[in-house]
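Me: I'm new to this one and would like a quick tour. Can you take me through it step by step?
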Amino acid sequence: MPRVLSCIQPTGSVHLGNYLGALVNWVSGQHDGNVYHGIVDLHALTVTESPQVLGNQTIELAAMLFAVGLDPNVATVFVQSHIHEHSELAWIMECTVSFGELSRMTQFKDKSAKREGEFISAGLFTYPALQAADILLYDADEVPVGEDQRQHIEITRDIAVRFNHRFGDTFVLPKAVHPKAGARVMDLQDPTSKMSKSATTDSGIIYMLDDNATIDKKFKRAVTDSDGVVIYDREKKPGVANLLDILAAATNTPVETLATKYTQYGPLKNDAGDAVVALLDPIRTRYHELMNDRGELARLLSIGNDRAREVAAQTLGRAHQAIGLLPRI
Ligand code: AMP
Ligand code: TRP
């Protein structure tokens with residue numbers, strides 16, 4: 001079984017797009033590989049300055065990952081900052097990558113340009129070295145990422161090749177793979193844009209923690225069009241198509257079957273809202289149960305942390321040995 005690593009930053013609230021587009025596949029895929037899911041809080045630190053925020057966001061994300069169905073006895077869910085080997089290997093990675101290579105990273109160029117006039121941490125620049133450490137520590141064969149992260153996986157390969165060449169075979173070369181395509185969920189108020197936490201208003205976004213009445217209201221107010229006919233056409237009728245896509249994903253029904261069932265927008269909006277409520281209600285209940293039982297949540301997280309630590313410690317040891325650092329005294 002391939003070893004697969006996915007990482008997610010604990011920033012912002014998880015929404016229906018993240019769930020139907022990615023998390024459902026994490027859950028269904030947990031038995032198909034030896035999967036590791038890191039909550040990468042140290043990466044979020046590159047742009048976080050407020051005290052006491054990151055820890056809460058980390059525990060909330062962990063609770064959500066368990067609530068949606070990741071089983072800590074199957075998938076290894078861990079917190080990056082709890083495994084000190086990430087920071088330690090990151091330094092070695094920084095010494096294996098060049099200034100020029102890091103300067104070519106488009107994510108750094110974009111993010112630093114957006115922060116013009118603000119504080120730009122050196123961490124934002126060396127971020128790919130930490131990401132390389134995340135990946136190489138677990139001997140990951142596959143890293144499912146979107147287009148925006150491909151360059152970071154390429155640089156990780158380059159670093160691994162260079163290290164192996166300099167010091168001897170130590171790291172497994174990872175490859176970027178396309179995550180299994182989930183549903184693409186569009187903003188309910190602006191159905192030509194992806195549902196995204198960076199939207200200007202919350203009214204088109206279904207958050208995992210929205211209560212049932214709020215979900216219902218957001219679906220009722222979803223933007224459609226003035227034709228009044230239910231046809232699945234993403235180009236010409238993005239609002240209606242989005243409702244059909246969401247309903248299809250939430251009920252596991254082909255979109256073509258659903259399109260023929262409706263003649264009016266009202267019932268389609270109602271049913272899409274009801275289906276999402278039925279889908280999210282038990283997840284939200286489980287989430288709150290876990291958040292109210294911090295002992296249990298810590299226990300679940302420590303299962304993954306312990307497993308991750310064991311693998312990471314071995315890999316870091318291998319790297320130290322390959323370099324020939326003086327063994328610990
Ligand atoms: P982000 O937090 O935006 O980086 O997204 C995390 C994951 O959720 C990525 O794998 C995205 O592909 C997925 N995702 C985010 N927004 C959507 C969306 N509106 N529809 C489908 N998938 C999404
Ligand atoms: N940089 C990734 C992002 O912004 C998050 C990430 C950190 C990551 N470490 C990783 C992704 C390791 C894959 C593997 O989404």
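Reply: Sure, one term to start: contact means heavy atoms within 4.5 Å. This is a predicted model, where local features need pLDDT of at least 70, side-chain atom pairs count only at pLDDT 80 or more, and totals for chains, interfaces and linings use all residues. Residues are numbered from 1 along each chain as its sequence is written, and side-chain values use heavy atoms, leaving out hydrogens and water.

Me: OK, which residues does Ser 112 touch, not counting those up to four places away in sequence?
Reply: Ile 120 and Leu 124.

Me: And is Ser 112 buried or exposed?
Reply: Ser 112 counts as buried because its relative accessibility is 13% (buried means under 20% relative accessible area, exposed over 50%, partly exposed in between, with a 1.4 Å probe and protein chains only).

Me: New topic: the ligand. What does Gly 17 do with ligand 1?
Reply: A backbone N or O atom of Gly 17 sits 3.1 Å from a nitrogen atom of ligand 1. That's a polar contact, a pair of N or O atoms within 3.5 Å.

Me: Which other residues come in?
Reply: Asn 18 has a side-chain N or O atom 3.1 Å from an oxygen atom of ligand 1. For Val 185, a polar backbone atom is 2.7 Å from a nitrogen atom of ligand 1.

Me: How much of ligand 1 does the protein cover?
Reply: 63% of the 480 Å² of accessible area that ligand 1 has on its own (areas by the Shrake-Rupley method with a 1.4 Å probe).

Notes:
Chains lettered and ligands numbered in written order. Polar contact = N/O pair within 3.5 Å; in protein donor to acceptor, adjacent residues only side chain to side chain.
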